[in-house]
Amino acid sequence: MAAERFPVESGHVMMFARAIGDPNPIYVDPDYAATTEVGHVIAPPTFVQASAQFDPDYPLRPKIGERWFGSGSSAGAAPPARSGSGSGGGSGTGLHAEQHYEYHRHVRPGDVLSAVTREGRSWEREGRRGGTLSFRESITEYRDQNGELVVTARGVGVRTSRTVEGD
Amino acid sequence: MALSRTQLTVGDTHEQVVVDGLTRTQIVQYAGASGDYNPLHTDEVFATQVAGYPSVFAHGMLTMGLTGHMLTDYVGDGRLVEYGGRFMAQVWPGDTLTARSEVTGFDTRNGSDCVELAVRTVNQSGDEVFRGTAVARIDP
């Protein structure tokens with residue numbers, strides 16, 4: 001996921017914490033957070049995945065004026081072939097296989113991050129239920145407004161020609 | 001509440017139910033927060049009729065986020081140094097997930113004491129849906 005400017009906002013962090021079912025006040029309450037070892041609100045450990053919101057080319061978000069591949073008056077269409085980089089995730093028959101994070105520090109509201117993604121390794125193997133699985137790794141570096149490395153993310157996406165049943 | 005080296009032993013476990021009966025709405029909530037609106041996760045019509053799945057299913061990253069809740073409750077806020085893993089099986093609406101960590105060793109990172117953890121999340125049938133590792137800073 002590439003994003004030139006990923007502003008970390010407190011409302012976004014709150015929504016993310018709610019979505020993962022975590023009521024920890026460290027994610028929402030500055031007064032509480034001030035009493036903790038951390039000393040300020042932080043984002044949950046997987047929050048940087050939400051940089052997708054700030055990736056102008058992210059393929060899994062409907063874009064104004066463009067046809068979306070989900071259902072409407074029809075059931076939808078086979079998704080466009082996935083191109084470009086992504087920290088895992090996938091479209092259509094592409095799925096997220098692995099995700100790894102290294103935290104140099106924890107993200108906090110007020111940070112303005114940038115995310116630069118580079119391709120990593122790629123490999124193939126036979127699926128347990130037939131077909132060839134193609135894996136592709138990408139590495140994303142999240143840096144803050146001072147250019148300091150905050151999080152290093154490594155994602156692996158997998159594609160197959162068949163519907164993946166938990167493989 | 002941070003963990004302390006003196007209180008920890010290899011083999012120690014911590015376990016938490018991180019979602020009890022996952023709803024489609026929570027999957028949509030995660031789509032909205034994360035920005036991943038893939039209709040495989042958000043659109044039952046697409047997921048069943050076009051993609052051929054029995055229903056929508058959770059983002060792998062939702063499972064990892066739910067599992068992270070267990071980890072941060074265990075190791076304390078701002079203590080994770082590394083967290084990662086593999087998505088082993090799909091998570092479906094109605095699933096109840098239990099996330100578990102086990103102490104596998106100790107190390108130091110940048111001069112700080114750290115605990116190494118194996119992480120495993122299973123559904124109500126005991127099927128593994130996420131398997132990973134984490135490293136967290138601990139007190140001496």
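1. Two strands pair if DSSP finds at least two bridges between them. Strands (E, at least two residues) and helices (H or I, at least four) are DSSP runs, numbered from the N terminus. Here, strand S2 (residues 94-103) of chain A runs antiparallel to strand S2 (residues 80-87) of chain B, and five bridges join them. A:His100 stands opposite B:Gly84 in S2(B).

2. This is a predicted model: local features need pLDDT of at least 70, side-chain atom pairs count only at pLDDT 80 or more, and totals for chains, interfaces and linings use all residues. Residues are numbered from 1 along each chain, chains are lettered from A, and side-chain values use heavy atoms, without hydrogens and water.

3. The open sheet has 10 strands with antiparallel pairing, in the order S1(A)-S3(A)-S4(A)-S5(A)-S2(A)-S2(B)-S5(B)-S4(B)-S3(B)-S1(B). S1 (3-7) of chain A and S1 (13-19) of chain B stand at the edges with a single partner strand each, so one side of each lacks a neighbour in the sheet.

4. H4(B) has 16 residues, and 15 of them are buried (under 20% relative accessible area, 1.4 Å probe, protein chains only). B:Gly76 follows H4(B), with a positive phi near 100°.

5. The largest nonpolar core (buried Ala, Val, Leu, Ile, Met, Phe, Trp, Tyr and Cys residues joined through side-chain atoms within 4.5 Å) has 58 residues. A:Phe47 and A:Val107 touch the most other members. Helix H4 (residues 60-75) of chain B gives the most to this core: eight residues.

6. A second, separate core has 16 residues, including A:Met1 and B:Ala51.

Methods:
Buried < 20%, exposed > 50% of the residue type's maximum accessible area, 1.4 Å probe, protein only.
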